[in-house]
Amino acid sequence: MEQIQKQRDFFESQGTHDIYWRKARLRELQQAIKTNESALYEAFKHDLGKSQFEAYTTEIAIVYREIKYMLQNLDRLSLAKRVRTPWVLMGKRSEIRKQPRGNVLIMSPFNYPVQLSLVPLVGAIAAGNTAIVKLSEFTPSINQVLINMLNVTFDDHYIYAMDGDVSVNTKLLDASFDFIFFTGSPHVGKIVMRAASEHLTPVILELGGKSPAIVLDDAKIKAAAQKIIWGKLINTGQTCVAPDYVLVHESRYDDLVEAMKKAIESFYGQDIKNNRDYGRIVNETHAKRLRLIISDNKENIIYGGDSEGRYVAPTLLRDTILDDEIFGPILPIQTFKEIHEVKETIAKHPNPLALYLFTETEDHPLLNEVRFGGGIVNDTVLHLVNDRLPFGGVRTSGIGHYHGEHSFDAFSHVQGIMHSTSRSLPVMYPPYTSWYKRLKIIRKVF
Ligand code: NAD
């Protein structure tokens, strides 16, 4: 692909080096999104049945925030940082510099096509990289707006956006990049990592998994129910950090289920299918997959269960934790008696991307006793909105993290530089005559 070579040449020419130049590109991106906002809303409605409110709050606003953060902090982030030098290295000084990684590849999934392509892109621009942005093939209307927006705003020797199926990804992965930022399923994450290993290309993998919501016996049930249902049903459950299943203390099960039913109906009414705020599954294949889950677990349905075309109703299931990530509006709820049962269930679906704990207990020990990417006590999903928090998974749910300063670091090579004087340090040099004496001195000073 000619753009890859063009981007290599542009990067080597120091084209992205200047901080003011990078800021100007961020402002151009900000303006381009503003210009294309209404086209994006139309496209969201078409591809995901998504309301303008949700499209703004869960996609566009997050990109604006990230751009704002970088514009406000780029000077500070890009400064070399002086660090102490041990006195044995007298006369030298040390600093940490952040160099751009170079030519980067960003691959995004279908579920948040704007946020998950543009937030990494903001990091790539801020840190001084060039970028090829490869969008998922499942959101054609959104892609059309994004591709047009990025390719009109930027020269292709700097940023180039494209979509396409697996064959396009395979070709891109055959090429040599300086860094790959991939968001998608653990299955494809392995393919990306395997391909990257051929070139020893570093990767960040933002993957999925089964994120539990845990409701302890001392939780405020009404608020817990609303927060879990909200986090589950935004984007019709197609959210990497959506609660995948609920573990509730047996003493609170009935109250929680009742409160969840009420929450669903207070958010979307009783005619959910015709409610404009409730979205659609991205395509027929994914809708079919979800229908199969529902039909396989008919006897466990406690709410919802209907589905037609790309519409799948909010569905609550009793005692049916599935092996695979659900990625749709189906929510299994299971009871537990003792906290060790919670740990055992999580261990069967290891390394959740997120964990949500509902409790009135301060600093509950469970937070330290299970491994997960990140999480919230008494809410869902919103941790990813705070650009001061690193966002990422652990092992099967991901490698590396980003957002805000962490994005700048993710897209940078962190380099240690020492500045020395022209004076020599003869005690170190061969021939090692009187080595015993010299070693004695060295042992003392180190
Ligand atoms: P996916 O892995 O199927 O696709 C992601 C990208 O990989 C797309 O661009 C797609 O074209 C490409 N791709 C698909 N098959 C490929 C193959 N065989 N070889 C090379 N490339 C291939 O993911 P998806 O279905 O679009 O998105 C859903 C998944 O993404 C879920 O697992 C979800 O949890 C995860 N996700 C994670 C995050 C996060 O931030 N951690 C965010 C959103 C989604």
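In this predicted model, the ligand sits in a shell of 25 residues, with Glu 137, Asn 169, Ser 185, Leu 207 and Glu 325 coming closest. Two of these reach the ligand through polar side-chain atoms: one from Glu 137 lies 2.7 Å from a ligand oxygen, and one from Asn 169 lies 2.9 Å from a ligand nitrogen. The backbone joins in as well, with a polar atom of Gly 184 at 3.3 Å from an oxygen of the ligand. Not much of the ligand is left uncovered: on its own it would expose 840 Å², and the protein buries 90% of that.

As for where the shell comes from, helix H6 (166-174), strand S6 (179-183) and helix H7 (186-198) each put in at least two residues. The biggest share belongs to H7, which supplies three.

Turning to the protein's interior, the largest nonpolar core takes in 96 residues, and the ones with the most contacts inside it are Leu 29, Leu 121, Val 246 and Met 260. Helix H3, spanning residues 52-78, is the top contributor to this core, with eleven residues. Both domain 1 (2-207 + 396-418) and domain 2 (212-392) chip in residues, so the core lies between the two.

Leu 29 gives a feel for how this core is put together. Setting aside neighbours within four places in sequence, Leu 29 is in contact with Ile 67, Leu 121, Val 122, Ile 125, Met 149, Leu 150 and Phe 154. Apart from the largest core there is another one, made of 18 residues, including Leu 105, Met 162, Val 168 and Leu 172.

Note on methods
Residues numbered from 1 in each chain as written. Predicted model: local features only at pLDDT ≥ 70, side-chain atom pairs only at ≥ 80, totals over all residues. Heavy atoms only, no water. Core = buried A, V, L, I, M, F, W, Y, C linked by side-chain atoms within 4.5 Å. Buried < 20%, exposed > 50% of the residue type's maximum accessible area, 1.4 Å probe, protein only. Helix = DSSP H or I, 4+ residues; strand = E, 2+ residues; numbered from the N terminus. Domains from an automatic or database assignment. Contact = heavy atoms within 4.5 Å. Near = heavy atom within 4 Å. Polar contact = N/O pair within 3.5 Å; in protein donor to acceptor, adjacent residues only side chain to side chain. Areas by Shrake-Rupley, 256 points an atom, 1.4 Å probe, with all protein chains shown as cover.
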